[in-house]
Number of protein chains: 4
Amino acid sequence: MKKIVLAYSGGLDTSVAIPWLIDKGYAVIAVALDVGQPDADMPAIQAKAKQVGAIESIVIDAKAEFADRFVAPVIKSNALYEGEYPLVSALSRPLIIEKLVAIAHEQDAQAIAHGSTGKGNDQVRFEAAIHALDPNLLIEAPIRDFHWSREEEIDYAKDHNVPVPIGKASPYSIDANLWGRANEAGVLEDPWTQAPADAWTMTAPVEETPDTPDFLELTFEHGIPTAIDGKPLPLFELIEHLNTLAGKHGIGRIDKIENRLIGIKSREVYEAPAAAVIMAAHKDLENLTLERDVAHYKPLIEQQLSTMIYEAKWISPLFDALMAFIDATQSVVNGVVKMKLFKGQATAVARQSENSLYNKDLATYTSADSFDQEAAAGFIKLWTLPATVFEQVNHIHAEEMNPHD
Amino acid sequence: MKKIVLAYSGGLDTSVAIPWLIDKGYAVIAVALDVGQPDADMPAIQAKAKQVGAIESIVIDAKAEFADRFVAPVIKSNALYEGEYPLVSALSRPLIIEKLVAIAHEQDAQAIAHGSTGKGNDQVRFEAAIHALDPNLLIEAPIRDFHWSREEEIDYAKDHNVPVPIGKASPYSIDANLWGRANEAGVLEDPWTQAPADAWTMTAPVEETPDTPDFLELTFEHGIPTAIDGKPLPLFELIEHLNTLAGKHGIGRIDKIENRLIGIKSREVYEAPAAAVIMAAHKDLENLTLERDVAHYKPLIEQQLSTMIYEAKWISPLFDALMAFIDATQSVVNGVVKMKLFKGQATAVARQSENSLYNKDLATYTSADSFDQEAAAGFIKLWTLPATVFEQVNHIHAEEMNPHD
Amino acid sequence: MKKIVLAYSGGLDTSVAIPWLIDKGYAVIAVALDVGQPDADMPAIQAKAKQVGAIESIVIDAKAEFADRFVAPVIKSNALYEGEYPLVSALSRPLIIEKLVAIAHEQDAQAIAHGSTGKGNDQVRFEAAIHALDPNLLIEAPIRDFHWSREEEIDYAKDHNVPVPIGKASPYSIDANLWGRANEAGVLEDPWTQAPADAWTMTAPVEETPDTPDFLELTFEHGIPTAIDGKPLPLFELIEHLNTLAGKHGIGRIDKIENRLIGIKSREVYEAPAAAVIMAAHKDLENLTLERDVAHYKPLIEQQLSTMIYEAKWISPLFDALMAFIDATQSVVNGVVKMKLFKGQATAVARQSENSLYNKDLATYTSADSFDQEAAAGFIKLWTLPATVFEQVNHIHAEEMNPHD
Amino acid sequence: MKKIVLAYSGGLDTSVAIPWLIDKGYAVIAVALDVGQPDADMPAIQAKAKQVGAIESIVIDAKAEFADRFVAPVIKSNALYEGEYPLVSALSRPLIIEKLVAIAHEQDAQAIAHGSTGKGNDQVRFEAAIHALDPNLLIEAPIRDFHWSREEEIDYAKDHNVPVPIGKASPYSIDANLWGRANEAGVLEDPWTQAPADAWTMTAPVEETPDTPDFLELTFEHGIPTAIDGKPLPLFELIEHLNTLAGKHGIGRIDKIENRLIGIKSREVYEAPAAAVIMAAHKDLENLTLERDVAHYKPLIEQQLSTMIYEAKWISPLFDALMAFIDATQSVVNGVVKMKLFKGQATAVARQSENSLYNKDLATYTSADSFDQEAAAGFIKLWTLPATVFEQVNHIHAEEMNPHD
């Protein structure tokens with residue numbers, strides 16, 4: 001009998017997928033990863049898969065690995081898709097597939113199934129990882145192939161003893177992990193409608209946040225946060241801690257129109273409290289420690305990396321080469337950043353580093369001054385020479401001048 | 001007698017420069033521009049220059065021109081130096097020099113003087129513009145050449161009947177215009193010290209801002225804001241209005257370590273309330289109206305433009321070519337963005353446009369769906385093919401997989 | 001009856017497509033464009049379409065329009081896909097579709113047909129243009145849908161009175177126009193096999209080229225060649241002339257492994273004699289006339305443009321914005337370049353321009369020297385300051401020094 | 001007594017510098033590096049320095065180190081300044097300074113002297129390396145400071161027993177090493193004048209090259225050539241061999257107008273026969289082995305690296321990070337390229353690799369075809385969707401269509 005390994009979440013879609021795959025002749029091995037999604041009851045998820053027909057149900061605690069191998073690169077590269085989205089869902093997909101492929105190999109399964117629809121990004125991310133790790137594995141995408149209305153899906157579920165959530169279904173489509181929470185669909189589909197209160201769950205509305213700020217000192221080593229107020233924490237615990245603390249202050253809400261990989265625009269609402277704090281602190285420490293040319297070039301690499309992560313290219317040789325660039329820049333990103341969390345904002349208010357390139361003796365305007373002001377005149381002459389010669393020859397701007405009346 | 005045109009601000013440095021230039025044998029024409037710097041008493045400034053020895057003192061109201069020719073390109077290009085600084089001071093320098101060169105030509109002056117020191121960016125910006133517009137003009141930079149301590153400067157001022165501010169001098173070095181306010185030096189020179197309350201003047205501390213938000217609708221035409229809540233306003237008035245309103249909500253504070261053009265890092269504190277509101281709204285509207293490839297490429301151009309503006313290259317052929325790119329993208333950036341101003345943050349909460357590329361029929365997950373989900377499978381195959389073949393040949397990632405234990 | 005407009009070449013594939021489309025219920029309007037493909041007998045092509053069943057057969061002389069609207073941008077932007085391929089086939093596709101869509105509108109046709117296979121780039125270029133210009137038009141791609149072997153195609157042709165070429169079919173798949181000739185498939189599919197003599201038709205082998213060079217002076221106006229040895233020529237005639245002359249000298253052969261848009265690598269052999277001469281001359285003149293920052297940034301835009309043209313994005317807003325950048329740089333690209341054509345190489349040996357930025361008084365090492373050598377010392381201090389401070393703080397390279405033994 | 005370490009070439013300028021530095025109170029340690037400059041008689045150079053007054057004269061054979069540490073990165077990154085110049089002189093400067101600084105430290109010298117003028121690039125490269133490796137070392141630049149005419153220099157030489165070359169001085173200013181030869185000044189200063197025959201010494205004129213080609217197979221490992229026709233060679237010997245062979249065929253001549261770092265344009269004539277062969281072969285092998293995204297992104301990194309090397313930033317953290325990117329891409333660049341050397345051209349005519357990504361089964365048009373042609377239709381829909389929606393909304397190109405007449 002053919003075996004298939006299913007990326008299982010415990011929700012209706014992937015639960016219905018189990019009898020559907022059985023109908024197609026598969027024995028189903030359900031695999032659920034704990035990547036820090038809030039409120040995930042992993043034992044219940046494990047039991048449910050068996051209940052609806054899986055021959056085996058596996059649960060993997062991947063929180064530490066997810067933080068260390070997938071979130072850490074994002075921190076080092078200040079990765080934000082289109083400058084705003086911290087890439088929450090895009091990060092877990094390659095890790096999930098790694099685990100599923102390994103299980104498929106161990107158990108001689110011929111196929112992998114995922115629960116993505118046909119118009120989102122995640123189908124591409126899941127399948128890109130499968131193709132890269134083992135292109136001989138068959139892929140099933142039951143939700144993409146259902147062609148069911150909601151009612152038909154519920155009927156099918158009832159017919160196959162799949163538990164159906166009671167009451168009105170959530171209007172939203174949610175994905176969440178350690179690094180944040182993505183929310184789309186429902187009323188959000190009108191860009192001119194403000195996101196309603198129930199679209200947010202990890203963050204308080206600013207109207208209800210504390211009236212006194214929290215301050216904390218975040219220690220970084222080689223670009224990665226390693227301690228809060230001097231207390232060392234594994235990365236995944238540090239993130240969990242900051243999600244709670246920053247969420248209380250309403251930090252990390254994002255509401256944006258976004259370009260999906262499959263060619264359409266969508267309206268997305270994200271929450272990423274810890275990400276907002278950590279990335280603001282990391283950028284601030286880089287301002288202190290990165291040499292100017294690095295500081296000015298790294299954003300180009302960062303943008304490319306962010307787009308590639310979003311666009312399903314985590315497992316690719318260009319991703320690896322870009323990360324080699326990033327890693328080379330982070331050896332000096334060490335130090336402490338003092339963050340203020342208050343009224344929806346995470347602000348760096350002070351920073352220090354043994355690798356600081358800020359040199360008070362050079363920067364000051366006082367007389368105790370080691371900067372050679374004479375050098376400036378020579379610098380200016382040569383710095384401006386090419387554009388000056390261009391103007392002398394071509395007289396483009398001189399003619400545009402508007403004298404005062 | 002040699003004539004010189006002096007960029008005059010009314011402050012101690014450029015006032016002392018007048019007798020100093022007279023000592024060097026110049027007749028001094030003082031020119032002060034009103035580019036929207038807060039609290040500028042232009043008639044008093046005009047009078048003061050004459051009082052300390054200028055043969056002529058000219059005041060020019062350049063607010064509208066500054067907004068239309070120098071701020072508008074920054075809005076269209078989302079220009080932020082190092083991702084944060086809205087380029088306040090860098091914008092006024094080319095305009096000031098344009099006016100001074102035109103006056104020098106009218107009055108047959110041989111030289112231009114500016115009041116910058118030898119370790120800042122502005123000396124380069126002033127002189128770059130002079131070189132471009134008339135490389136035959138001599139340049140005097142008295143403050144760079146003084147080599148005076150503060151006490152020596154005050155003594156010189158007293159000896160030459162230059163009014164000296166009473167009381168302790170401000171610890172800060174300030175430059176301001178319509179688009180914001182830059183503050184450096186003093187206690188700010190220690191990056192580990194929080195900016196003190198008196199470092200800020202345009203923005204309220206979040207602790208003291210109103211407990212109810214303001215909402216406003218900002219209309220854009222071709223990338224430029226043209227109306228607030230439907231009421232058309234010239235750009236400079238729209239900015240002035242937003243500076244007041246957003247400043248009240250504590251919006252637009254920036255505290256950053258920055259890479260100066262002349263090669264050192266400095267710690268800068270900026271306030272730019274209107275800029276924060278306008279640029280957030282503009283970016284949000286671009287998310288709705290720019291095609292994906294444009295949305296993903298424009299940030300590279302924006303970063304290059306921002307660096308060039310900071311680095312004294314406003315008048316240059318590359319700047320012009322980059323702006324031709326930007327202008328070509330803005331014809332479709334029309335529409336209305338609803339902004340929420342609250343507790344230090346300007347947030348886009350809703351947006352609409354006749355040029356909107358968001359298409360609910362394509363984006364929705366409902367059954368009324370015009371997106372061809374079948375197409376996705378073919379897309380994924382070809383999208384992932386190059387990296388898949390690479391992995392098949394080189395087996396780099398497959399070997400890294402960590403099966404669960 | 002449904003009408004369809006077919007992009008017709010006169011070859012076997014698009015001829016067989018006519019009865020195939022008739023079988024699908026279409027009345028076929030065949031349209032052939034003369035874009036300068038060598039040896040094209042347009043009247044014979046026109047007659048053949050009618051003979052095999054087209055209700056109408058239209059031939060359009062598009063040589064001048066092709067040169068002025070599609071080749072000229074490529075010259076201005078030095079566009080070479082992957083640094084080598086002058087984009088021959090990619091250029092004609094949008095123009096062909098423009099003409100076909102216009103005819104479809106005039107004649108109330110509902111569909112457009114093109115003759116591309118399912119694994120090349122051209123299918124994407126054709127269909128991208130159709131989608132952009134009228135997404136309501138149906139698209140037929142008979143060759144992609146045939147699923148025939150060569151023998152089956154010939155049988156079908158014979159059954160439907162389509163003339164079949166006598167003798168052994170060419171082993172190659174060819175596309176050609178004014179700007180060059182592309183050749184793939186056949187024995188070329190082994191990258192370790194040298195391209196055989198019969199793979200080339202526009203260029204002589206270097207072994208058989210003349211033993212004396214030809215010299216010519218190419219005049220450019222705003223980046224476009226307008227005259228040879230002072231004699232003005234329309235662009236398409238200038239290109240035709242150079243194809244002959246440079247082809248005789250064996251200039252313009254390219255043999256490369258290339259990344260196709262649809263995700264695979266292919267081995268391609270190109271000939272582009274005129275392109276080789278014009279692009280070398282254009283680049284040389286840019287070296288003389290472009291300001292340094294423009295010269296260093298334009299290649300990034302050029303690479304993006306080249307990739308977009310190859311990847312079927314000629315009709316797109318990013319293409320338009322990038323061309324706005326390019327056009328802004330070309331106003332100063334005026335002058336004359338002396339080219340030497342000899343033994344497979346087109347070499348710029350001399351150049352002059354009224355917009356020349358080369359200034360002998362600045363560049364010379366003689367005593368009649370207007371360059372301020374003192375300025376260099378100041379320039380060097382500030383130019384090197386960031387990396388110097390970085391090294392002082394972090395001591396990365398000092399420790400790597402290898403003293404001599 | 002103060003000690004100074006002088007970068008010594010044996011020529012008139014650096015020989016005259018020795019008494020000049022002695023006059024300034026220095027004891028002079030002359031250091032000459034053999035970096036493969038043709039015709040360098042190192043023992044004679046060593047003796048001459050002592051003869052004209054150096055207290056010590058050191059000669060270092062640095063050919064292997066120069067090739068392995070400075071040329072190899074250039075090969076891996078296809079580094080060509082402004083797309084043409086293989087960076088000959090820019091490569092030796094950091095190595096020379098490394099050696100000089102190490103000797104200064106060993107011998108307790110306080111200063112370093114170099115022989116560059118005030119308007120070239122090399123002064124910046126020398127001093128950037130000194131600043132980075134030991135900013136406390138004083139720098140003397142005697143040639144920049146001489147302010148002598150040629151006659152005055154010769155008089156000074158005669159007065160100080162410095163041997164003066166007999167006869168007319170060369171009209172050119174030359175620098176050479178393993179990687180090539182740079183020639184400027186003299187008659188070359190007129191861009192409209194063709195470079196005369198005596199400007200070239202490493203390469204035969206094409207008019208005099210052999211009438212039969214040479215073929216050779218170049219083996220690469222991790223991006224570096226390691227063998228010719230299967231015979232392993234150290235990199236510096238391989239380069240020397242190819243300089244001779246390719247020079248005989250007239251390969252590697254470059255004549256270009258170039259943007260110097262110090263802001264002016266100059267006309268340069270270069271010869272780099274081995275570089276032309278190696279870089280063409282390396283690029284060709286990359287076409288076969290690099291994944292598409294890597295192939296399309298690496299040129300951006302390459303251009304940045306090339307500019308940085310030219311602009312004196314070899315020793316800098318951005319250079320290191322960019323090289324980390326490059327190195328990450330080269331592990332798969334293994335294989336053999338067959339090169340044809342003939343009539344001034346080095347052409348890749350065949351190539352093979354165990355890491356080849358070219359897959360005949362995917363690329364062929366025959367029926368034995370593993371490519372899924374059905375996938376293309378889905379791919380095209382999603383690939384073109386953003387620009388299609390843009391056109392549907394904004395109707396920019398549809399209105400431009402020109403129907404035939």
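These notebook entries record what I looked up in a predicted model.

**Entry 1. Confidence**

I began with the scores of the prediction. The model has an ipTM of 0.94 and a pTM of 0.96. For chain A I noted a mean pLDDT of 93, with 95% of its residues at 70 or more.

**Entry 2. Chains A and B**

I next asked what turn lays chain B on chain A. A turn of 180 degrees, with a shift of 0.0 Å along the axis, does so at an RMSD of 0.0 Å. I therefore recorded the relation as that of a two-fold axis. Looking along chain B for the C-alpha nearest this axis, I found that of B:K343, at 3.1 Å. I also noted that both copies use the same surface, since 100% of the contact residues of chain B recur in chain A.

I then looked up how many residues each chain brings to this contact. Chain B gives 88 residues and chain A gives 88 residues. I sorted the side of chain B that touches chain A by class, and it holds 40 nonpolar, 29 polar and 19 charged residues.

**Entry 3. Chains A and D**

I repeated the search for chain D. Chain D is superposed on chain A by a rotation of 180 degrees with 0.0 Å of shift along its axis, and the RMSD is 0.0 Å. Here too I found the same surface serving both copies, as 100% of the contact residues of chain D recur in chain A.

In this contact, 22 residues of chain D meet 22 residues of chain A. I asked which helices of chain D each supply at least two residues of the side that touches chain A. They are helix 10 (292-310), helix 11 (317-329) and helix 14 (385-394). Helix 11 of chain D provides the largest share of that side, with 9 residues. By class, I listed 14 nonpolar, 4 polar and 4 charged residues on the side of chain D that touches chain A.

**Entry 4. A sheet in chain B**

I turned to an open sheet of 5 strands in chain B, and I wrote down its order as 10-9-8-13-14, with antiparallel pairing. Why is one side of strand 10 and of strand 14 left without a neighbour in the sheet? Strand 10 (231-232) and strand 14 (345-352) of chain B stand at the edges, and each has a single partner strand.

I examined one of the pairings more closely. Strand 9 (residues 224-228) and strand 10 of chain B pair in the antiparallel sense over 2 bridges. Within strand 10 of chain B, B:K231 is the residue that stands opposite B:I228.

I also looked for helices lying across the sheet. Helix 8 (residues 235-248) of chain B lies across strands 8, 9, 13 and 14 of chain B, and runs at about 70 degrees to strand 9. Helix 9 (residues 273-289) of chain B lies across strands 8, 9, 13 and 14 of chain B, and runs at about 140 degrees to strand 13.

**Entry 5. A recorded binding site in chain A**

Lastly, I consulted the UniProt record. Its unreviewed entry lists a "binding site" with residues including A:A7, A:G10, A:D13 and A:G115. I noted that the listed residues are spread over 109 residues of sequence but cluster in space, with a largest C-alpha distance of 12.9 Å. I located A:G10 in the loop between strand 1 (2-7) and helix 1 (12-23) of chain A.

Note on methods
Residues are numbered from 1 along each chain as its sequence is written. Chains are lettered from A and ligands numbered from 1 in the order in which they are written. This is a predicted model: local features need pLDDT of at least 70, side-chain atom pairs count only at pLDDT 80 or more; totals for chains, interfaces and linings use all residues. Copies are superposed by least squares on the C-alpha atoms of residues with pLDDT of at least 70 in both. Two residues are in contact if their C-beta atoms, placed from the backbone, lie within 7 Å. Two strands pair if DSSP finds at least two bridges between them. Helices (H or I, at least four residues) and strands (E, at least two) are DSSP runs, numbered from the N terminus. Axes are lines fitted to C-alpha atoms, for helices over the stretch in contact, and angles run from 0 to 180 degrees between N-to-C directions. Ala, Val, Leu, Ile, Met, Phe, Trp, Tyr, Cys and Pro count as nonpolar, Asp, Glu, Lys and Arg as charged, and the others, Gly among them, as polar. pLDDT is the predictor's confidence in each residue, from 0 to 100. UniProt positions are given in the numbering used here, feature names are shortened, and annotations may be inferred rather than shown by experiment.
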